[in-house]
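Here's a quick walk through a two-chain model. Have a look at the structure first, and then we'll take it piece by piece.

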Amino acid sequence: MSELTHPYILAFDTANEIIAIGLGALDPADRSVSLAASVEIEAHRASNTQLLPRIDALLSECGIDKHAIACVVCGRGPGSFTGVRIAMATAKGVSAALEVPLYGVSTLDSIAWGLQHAGVRGHAVVVADAMRKEVYPVRFELSDEGIARLEADSVVKADEAAERLAGGWPAGSVAKEGAANAAGLEADAVNAADAAGCTGAVADAAGGASAVPVVAGDALKKYADLFEPCGTFADEPLWTPTGQGLLLAAQAAWREGDIDPFDAAFGNPAFALPVYTRLSDAEENERIRLSKNEPKNLRTGVQDTGIRRDQRATVRDSAIENAQADENGITYRPLDAAHAQMVAHLETELMGTDAWSEALVLDELPRKDRVWWAAYDADDALVGYAGGWIVDGQVQILKVATVPAMRRCGIARSLLARIASDARDLGAKSCSLEVRTSNESAQALYRALGFESIGMRPRYYSDREDAVIMEGPLPLDHHDVAGMELMVHSDAEPCDTSDETAVQRADSRERIEGSQPLVLAIETSCDETAAAIVDGRGSLVSDVVASQIDFHARFGGVVPEIASRKHIEAICGVTDECLDVAAERIGVPRLRWRDLSAVAVTYAPGLVGALVVGVAFAKGAAWAADLPFIGVNHLEGHIYANKIATPDITPPLVVSLVSGGHTMLVHVKAWGEYVTMGSTLDDAVGEAFDKVAKAMGLGYPGGPVISKLAAEGDASAIGFPRAMLHSGDLRFSLSGLKTAVITYLRNEEAAGRTVDKADVAASFQQAVIDVQVAKAEMALKLTGAKEFCLGGGVAANPALRAAYRVMCEKLGVRLTLPPMSACTDNAGMIALVALDRYRAKRFFGLDADAQAHVDIDQPY
Amino acid sequence: MANGLTYVRQTTSTEATKQLATTLAPYLRAGDVIVLNGDLGAGKTQFVQGVAAGLGIGGPVTSPTFNILLSYMDGNLPLFHFDLYRLDASDQLEDIGYYETVDGPGATFIEWGDKFPDALPYGYLQIDITVNENGIRIVQAHSFGERARNLLFVWAKDSKSRLVQTQ
């Protein structure tokens with residue numbers, strides 16, 4: 001890639017309610033960025049619909065071709081989580097398809113640069129709105145030379161932040177806890193400024209008490225009265241990032257060597273990630289709960305976790321038992337207070353006089369800037385643990401230990417990866433730790449993880465042995481897809497490419513053209529990040545799924561915020577893998593975004609925050625590769641999945657869609673023409689399975705465990721209600737059945753009887769099946785359709801499949817059961833719909849957005 | 001609570017509650033949060049229906065108990081109506097987009113807001129509807145924070161609201 005033909009940098013940010021776009025020319029000679037254009041637009045909560053059209057318009061106005069962009073820079077936040085992800089996902093798509101590097105810059109630094117550019121000098125503080133009465137406060141020193149940041153990103157209650165900022169400068173610290181911590185932060189801030197060559201500014205600041213700080217940030221809109229005593233407010237347009245500020249932040253990073261606009265490997269778009277500064281609420285609440293030593297046995301199921309007098313309190317309680325073991329039988333869970341004693345015990349055994357007491361460990365657990373993880377073997381014995389402390393953008397590893405018998409199983413590495421992942425979400429950028437000089441195997445492990453030795457602490461340990469201080473970057477886990485397991489399918493036989501040298505460029509071109517149209521589809525509607533490519537014959541040449549289930553299992557259900565975070569981590573790895581697999585099948589050395597015919601994505605229905613990631617990424621890639629963009633309804637994908645099993649399937653047909661989010665009967669009059677005949681009034685079938693499984697202490701997901709247990713039980717043992725069976729219409733209701741099961745369990749427990757879980761599972765499942773089959777039969781009779789098929793995860797239930805077989809045989813209707821892998825969420829089915837829409841030229845504009853709910857009956 | 005205002009009005013029918021609510025509508029601004037408290041059947045949904053009518057919202061306004069959040073975008077100001085009754089834990093607020101909505105482009109009415117007091121903003125208007133033994137509804141409005149104080153003040157000054165200040 002020639003540097004001279006790619007001289008522009010495109011920067012944008014949507015972390016706040018503003019879309020900021022900057023376009024600058026790059027001069028490698030003095031590493032400078034000269035402004036070509038800077039625009040700021042009110043987003044009105046529609047960044048995803050506005051961002052790309054605005055970028056496109058700006059390039060046109062400036063007469064700059066998108067292929068003249070050498071580098072993309074994106075604001076990483078902190079700000080609104082969804083806002084940051086819109087910018088980041090778009091940037092990843094644009095950067096991947098343009099094949100140029102992507103770098104993240106701090107949104108708050110960009111605001112500070114905007115102030116600096118506007119002539120503000122001396123003390124400045126940026127307070128960005130973090131919602132829920134919290135703000136992200138960061139203090140800066142602004143000089144003619146640039147900006148010096150005085151502290152790392154953190155999230156603080158607005159009133160607390162205001163009080164501390166008003167209390168003095170810079171002696172008033174915004175550290176969250178304790179005097180010792182605050183002092184440490186202060187010292188670090190000064191060191192950081194020293195390193196940046198800004199000693200003078202800091203010294204001035206310490207002495208120049210008369211200077212009134214300038215305050216900026218969108219938190220001022222909401223909390224003007226709180227922050228009024230903290231200084232003079234900057235002009236309102238400077239409260240949010242500007243295109244100019246983003247470019248200046250990028251230029252500074254270039255000069256510091258943190259980014260290189262011409263190094264595509266250094267700026268791999270997979271590595272750019274948002275700044276969050278806090279875990280998801282589910283994880284935070286888990287931390288609070290685990291740090292309390294509640295006297296309950298988490299292993300005994302019903303009486304402790306499922307049924308409580310207060311039904312409100314049950315939702316997250318199965319977290320612990322839902323954690324799933326890895327291939328070595330090791331389970332990783334956040335450390336809880338109940339195991340603090342075991343940690344202390346192992347400490348004494350392994351750490352000698354440097355051991356921590358139980359009280360010390362217990363004191364750690366509830367702290368918001370600490371992360372502790374533990375590893376357990378198949379017998380639930382503690383075999384390892386690790387803890388980290390996030391201080392000023394760095395996680396300091398406090399402890400890493402593995403029992404001697406279990407060393408070399410990768411436990412320490414896995415524990416560190418989990419700590420690193422949480423620490424990154426809490427704002428850490430690097431990791432440091434101390435290790436005994438004599439512990440060479442540990443040092444080798446850390447070096448393998450990218451750590452370098454940066455110094456010694458003489459006589460650090462109580463036996464006076466020296467410690468080596470090592471430091472490394474985050475994240476530590478170099479997985480392509482955010483630590484998820486990747487499943488790869490492909491219909492087509494791999495092409496014979498054994499004669500590699502013969503694969504000339506012209507030959508590649510021919511092979512690609514011979515397979516066209518090639519449509520790549522992305523699916524991120526729930527907890528699976530998936531991508532697939534369909535060729536012109538309707539074969540899936542690549543079908544890749546990364547399932548996040550391990551990350552959600554311990555919460556007993558999908559946590560939307562975690563799902564969105566995992567999608568943005570995995571999206572590049574999944575699409576890269578998808579392109580590579582397709583290249584192999586087609587028989588070309590490489591398949592590029594520009595070789596495709598269109599980019600498609602699931603735009604609805606689903607978790608809106610999760611959908612947004614896929615939609616923004618797909619739009620970015622389609623725009624950058626000059627390809628048509630196709631939006632697909634997820635439910636239509638489930639209907640099309642039946643084409644995989646029965647290619648000659650022809651409408652009219654009746655489809656039963658049953659999953660964790662849907663329970664409906666759809667009359668397919670023709671492909672693309674759907675009538676919803678009935679759907680659930682309350683819970684979906686999959687949801688009912690999950691909730692009943694949770695109540696029985698069976699873990700998550702509920703479908704497979706209940707169906708397995710039901711196979712051993714008596715389906716007629718308990719007469720659970722068949723809701724709506726005689727309602728005379730095709731509507732469903734599952735909420736009453738779920739309540740009936742829970743009430744039954746509670747009553748049996750109260751009566752002191754032992755519940756036969758297999759009977760409960762079988763009876764519950766039968767109640768679901770009876771209604772599903774009866775309504776399906778009614779739908780078939782009403783429509784006269786001669787084809788019946790299934791879609792959605794619940795379609796994998798063997799008993800339900802068997803019951804449908806019997807019913808269809810009786811009615812003389814052909815039954816299509818999609819393969820198990822096509823029942824759950826995948827991108828292959830989305831690609832099949834997209835191919836039809838591509839041929840019909842039914843494209844979406846770049847202003848398309850994700851939608852949580854859509855009616856499948858409405859053509860789109 | 002220090003500088004909070006309290007006003008009260010008795011209504012004898014759900015229609016009167018609606019009419020009272022309608023008079024609040026013109027004074028609402030984006031970002032306003034109104035916490036509605038009252039027993040089942042006290043008339044919380046009717047109150048929101050009245051506000052919706054005042055904002056010129058066309059379609060039917062129903063209870064959000066099942067959906068948790070219902071949004072009405074077709075009026076002079078977006079109207080969001082939460083019922084937090086079905087939520088089990090405060091972390092689910094993140095899942096349903098609660099914080100984005102409360103800080104959002106419209107006025108937000110919240111039922112069962114006292115379930116998650118930490119999730120309420122610094123400032124909001126609290127409306128308590130109680131029913132006495134004669135079926136008379138007592139609608140009491142109390143302001144928390146500067147903006148809610150101003151809102152309640154101008155609303156109460158509107159003679160159609162017939163709100164009476166209490167001590």
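What percentage of the 167 residues in chain B is buried?

## Chain B

The answer is 46%. Keep in mind that this is a predicted model. Chain B holds five helices and eight strands, and reading from the N terminus they come in the order β-α-β-α-β-β-α-α-β-β-β-α-β.

As for overall dimensions, the C-alpha trace of chain B spans about 40 × 35 × 35 Å along its principal axes. A compact globule of 167 residues would have a radius of gyration near 15 Å, and chain B comes in at 15 Å, so the two agree. Now for the contacts inside chain B: take those between residues at least 6 apart in sequence, and 66% of them link residues at least 24 apart.

## Domains of chain A

On to chain A. The domain assignment splits chain A into domain 1 (8-110 + 244-271), domain 2 (132-234), domain 3 (281-426), domain 4 (485-640) and domain 5 (647-820). If you take the centres over C-alpha atoms, domain 1 and domain 5 of chain A are 48 Å apart.

## A five-stranded sheet in chain A

One sheet in chain A is worth a closer look. It is an open sheet of five strands with mixed pairing, and the order is β3-β2-β1-β4-β5. At the edges of this sheet you'll find β3 (32-42) and β5 (102-105) of chain A; each has a single partner strand, so one side of each lacks a neighbour in the sheet. On average, neighbouring strands here are turned by 20° against each other, ignoring direction.

Within the sheet, β1 (residues 8-13) and β4 (residues 69-75) of chain A run parallel and pair over five bridges. Y8(A), for instance, has I69(A) in β4(A) as its bridge partner. Two helices pack on this sheet. Helix α2 (residues 81-98) of chain A touches β1, β4 and β5 of chain A, and its direction makes about 165° with that of β4(A). Helix α8 (residues 243-256) of chain A touches β1, β2 (18-27), β3, β4 and β5 of chain A, at about 145° to the direction of β3(A).

## Where the chains meet

Which residues bring the two chains together? Here 17 residues of chain A are in contact with 15 residues of chain B. On the chain A side, the elements giving two or more residues are α9 (281-290) and α18 (560-586) of chain A, with α9(A) giving the most, at three residues. Sorted by class, that side of chain A has nine charged, four polar and four nonpolar residues.

Technical notes. Residues numbered from 1 in each chain as written. Chains lettered and ligands numbered in written order. Predicted model: local features only at pLDDT ≥ 70, side-chain atom pairs only at ≥ 80, totals over all residues. Contact = placed C-beta atoms within 7 Å. Helix = DSSP H or I, 4+ residues; strand = E, 2+ residues; numbered from the N terminus. Nonpolar A, V, L, I, M, F, W, Y, C, P; charged D, E, K, R; others polar. Domains from an automatic or database assignment. Pairing = 2+ DSSP bridges. Axes fitted to C-alpha atoms, helices over the stretch in contact; angles between N-to-C directions. Rg over C-alpha atoms; globule rule 2.2 N^0.38 Å. Buried ≥ 20, exposed ≤ 12 C-beta atoms within 10 Å, placed from the backbone.
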